[in-house]
Amino acid sequence: MAQKKNLQLTIREYLPSDQCVVKQLFCDGVRENIYPAFFKSMSHPDHVGVALSISVAGYVLGGSSYFQALLFGAAWAGLIYFCCHEIYEGYMLRRLSVDMADIQTNYLDNPNNGFWVAEVGDSTLSRVVGMVMVMGRRKVEEDDHRDNLNGGMGTGSSADGSGEMSYLVVSFPWRRTKLGSQLTQRALDFCKEQGFARLVLDVSSPQTGAISLLRKAGFIQTSSHSNTHANGLIAKLARISVIRMEKFL
């Protein structure tokens, strides 16, 4: 802790030289959700019941073998872990191959977007320990986007468009230092400067820490769904939902 106090923290705009460390930070931030998602899924009453039933079946079929019971139960747990892994790994690879493949073109060339990193260091050495991105959507773009989702029928939109926050990641050693709150505030300030009416963010249900941080910042949950772009059976077994959080400015 004393070492952290001696380091200077700066939130600055993304630079091309940050690309490699930002991608690694993103990958680490996504993958760390796999185990919490697995434990959360396995603790669901339905999965507990299935695990017990399968273990009993293994015990009986194995001729009263505790090893067989353990093996059958482990196979079920392995399947659930695989499903959780596929959802997060698939999301990570999809983002790396599409929008993060060219950050400059996909984000920074549009003045409605913003990308910041948190950097800590002293006079001799500095490193990136956090990041956040906002993609802005003006009123016309938002109307077109909603029309496309609703078969060409307008549903109305916020007066000045909105910003969508993503890639809110803080390196593990820098958690509980209010860095996540500072990055969130930077995104909110940017949206106010751009005249956006709200800021939205999608998080997965196992990300309880992120959800708590957002609620403290004034965000509210407005919707949830289970469309994780993974195979339907995988999504059902993983029991991961996507929660939309919003804050009106």
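Arg198 and Glu246 are both buried in this predicted model. The two residues form a salt bridge, and their closest N and O atoms are 3.0 Å apart. Please note where the partners sit: Arg198 belongs to strand E5, residues 198-204, while Glu246 belongs to strand E7, and the pair links distant parts of the chain, 48 residues apart. As a general point, side chains of opposite charge can pair when their charged atoms come close.

How many salt bridges does a search of the whole structure find? The search finds 9. I shall discuss two others in turn.

One of them brings together the side chains of Arg12 and Glu119, at 3.1 Å from N to O. Here again distant parts of the chain are linked, with Arg12 in strand E1, residues 8-13, and Glu119 in strand E2, 107 residues apart. Is Arg12 buried or exposed? Its relative accessibility is 17%, and because buried means under 20%, Arg12 counts as buried. This pair also has company: salt bridges that share partners join Arg12, Asp18 and Glu119 into one network.

The other joins the side chains of Arg239 and Asp46, at 2.9 Å from N to O. Arg239 lies in the loop between helix H10 and strand E7, and Asp46 lies in helix H4, residues 45-61, so this salt bridge ties together parts that are 193 residues apart in sequence. As for exposure, Arg239 is partly exposed at 36% relative accessibility. Asp46 is partly exposed as well, with a relative accessible area of 43%.

Let us turn to the strands. Strand E2, residues 114-121, and strand E3, residues 126-137, run antiparallel and are joined by 8 bridges. To find one of these positions in the structure, look for Val117, whose bridge partner in E3 is Met131. Strand E3 also pairs with E4 in the antiparallel sense, over 7 bridges. A position to look for there is Met133, which has Ser166 in E4 as its bridge partner. When you inspect such strands, keep in mind that in a regular strand the side chains alternate between the two faces of the sheet.

I now come to the aromatic rings. The count of aromatic pairs is 12. In one of them, Tyr35 and Phe39 are stacked, with 6.2 Å from centre to centre and 25° between the planes. Why are these two residues separated by about one helical turn? Tyr35 and Phe39 are 4 residues apart in helix H3, residues 34-42, and that spacing is the reason. Phe39 is exposed, with a relative accessible area of 52%.

A further pair consists of Tyr107 and Tyr167, which are edge-to-face, at 6.2 Å from centre to centre and 80° between the planes. Tyr107 lies in helix H6, residues 103-108, and Tyr167 in strand E4, residues 162-170, so this pair ties together parts that are 60 residues apart in sequence. Tyr107 and Tyr167 are both buried.

Which residues do ring pairs link into a cluster? They are Tyr14, Phe26, Tyr91, Tyr107, Phe115 and Tyr167. The edge-to-face pair of Tyr107 and Tyr167 therefore belongs to a cluster of linked rings.

To close, I would ask you to locate two contacts in the structure. One is the salt bridge of Arg239 with Asp46, which spans 193 residues of sequence. The other is the stacked pair of Tyr35 and Phe39, which lies within helix H3.

Notes. Residues numbered from 1 in each chain as written. Predicted model: local features only at pLDDT ≥ 70, side-chain atom pairs only at ≥ 80, totals over all residues. Heavy atoms only, no water. Phe/Tyr/Trp six-rings, centres within 6.5 Å; stacked < 30°, edge-to-face > 60°. Buried < 20%, exposed > 50% of the residue type's maximum accessible area, 1.4 Å probe, protein only. Pairing = 2+ DSSP bridges. Salt bridge = Lys/Arg side-chain N within 4 Å of Asp/Glu carboxyl O.
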